[in-house]
Amino acid sequence: MLKPFAFLMIPKLLGFLLRIYQKLDKPGLDRRVYLTTKRKAGDVAVATFPYSDNVNTVTGEIHFSETEDKKVTCSGQMNSGFQNTHPDNFDYVIVDKDDKIVKDLTEKLSSVIEITVPGTAPFTYEFTDFSIDEIVGNWFVVRRRSYVEAGKAPIKKA
């Protein structure tokens, strides 16, 4: 004999099964498109360059935040790692664990980052071509144009 409260569990069970079904791969869908199109306003990620006594190593922090209008605002400031004020001497890229470039942000960030040796002034830029979920788990890298790594920081969801 079923207890009277057992009927109250049926909606919860159906909801649980529905969530499992939604997570299953659906035939005919390109999984990459399915995963990269989801955006959640309010998602935040951070790349923190650890402190270093070496003035040639990048220190500072970069923040990424998803906005209501499906943009990612990138803001931050670097305190060291920049020996000269020529923006063309630096690359800003997001790489995966194998150091393959996921996103090259150089052209866009070079237009807003003002270098004040040994670091940068605070900066902000809005991107429209990626989401927070696409960059979390990768690395934000600042390189000198000679492809020498000046700093590397993991991008983590905040």
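Contact here means heavy atoms within 4.5 Å. With that in hand, welcome to a predicted model of a chain in which residues 24 or more positions apart account for 58% of the contacts with a separation of 6 or more. The chain has four helices and ten strands, and eight of the strands form an open sheet with antiparallel pairing. Below is a short tour, from the whole chain down to one serine, S80.

**Overall make-up**
- Going along the sequence, helices and strands follow the pattern α-α-β-β-β-β-β-α-β-β-β-α-β-β.
- The chain holds 158 residues, and 34% of them are buried.
- Its accessible surface amounts to about 10,200 Å², with carbon and sulfur atoms contributing 57% of that area.

**Confidence**
- The average pLDDT of the chain is 84, and 75% of the residues reach at least 70.
- Residues 28-37 call for some care, as pLDDT stays under 50 there.
- For this stretch, residues 28-37, the model has five contacts beyond four places in sequence.

**The eight-stranded sheet**
- The strand order across the sheet is β5-β4-β9-β10-β1-β2-β3-β8.
- At the edges stand β5 (101-104) and β8 (123-127); each has a single partner strand, so one side of each is left without a neighbour in the sheet.
- On average, neighbouring strands of this sheet are turned by 25° against each other, with direction ignored.
- The partner of edge strand β8 is β3, and five bridges join this antiparallel pair.
- Within the pairing of β3 and β8, C74 stands opposite Y125 in β8.

**A closer look at S80**
- S80 belongs to strand β3, which spans residues 72-80.
- Is S80 buried or exposed? Its relative accessible area is 7%, and buried means under 20%, so S80 counts as buried.
- Two polar partners can be named for the S80 side chain: the backbone oxygen of T57 lies 2.6 Å from one of its polar atoms, and the side chain of T59 makes a polar contact with it at 2.8 Å.
- T57 and T59 also appear among the contacts of S80 outside its neighbours within four places in sequence, alongside N54, V55 and V58.
- P118 and G119 complete that set of contacts.

How values were computed. Residues are numbered from 1 along each chain as its sequence is written. This is a predicted model: local features need pLDDT of at least 70, side-chain atom pairs count only at pLDDT 80 or more; totals for chains, interfaces and linings use all residues. Side-chain values use heavy atoms; hydrogens and water are left out. Helices (H or I, at least four residues) and strands (E, at least two) are DSSP runs, numbered from the N terminus. Buried means under 20% relative accessible area, exposed over 50%, partly exposed in between (1.4 Å probe, protein chains only). A polar contact is a pair of N or O atoms within 3.5 Å; within protein, one must be able to donate a hydrogen and the other to accept it, and residues adjacent in sequence count only if both atoms are side-chain atoms. Accessible areas come from the Shrake-Rupley method with a 1.4 Å probe; for residues, only the protein chains shown count as cover. pLDDT is the predictor's confidence in each residue, from 0 to 100. Two strands pair if DSSP finds at least two bridges between them. Axes are lines fitted to C-alpha atoms, for helices over the stretch in contact, and angles run from 0 to 180 degrees between N-to-C directions.
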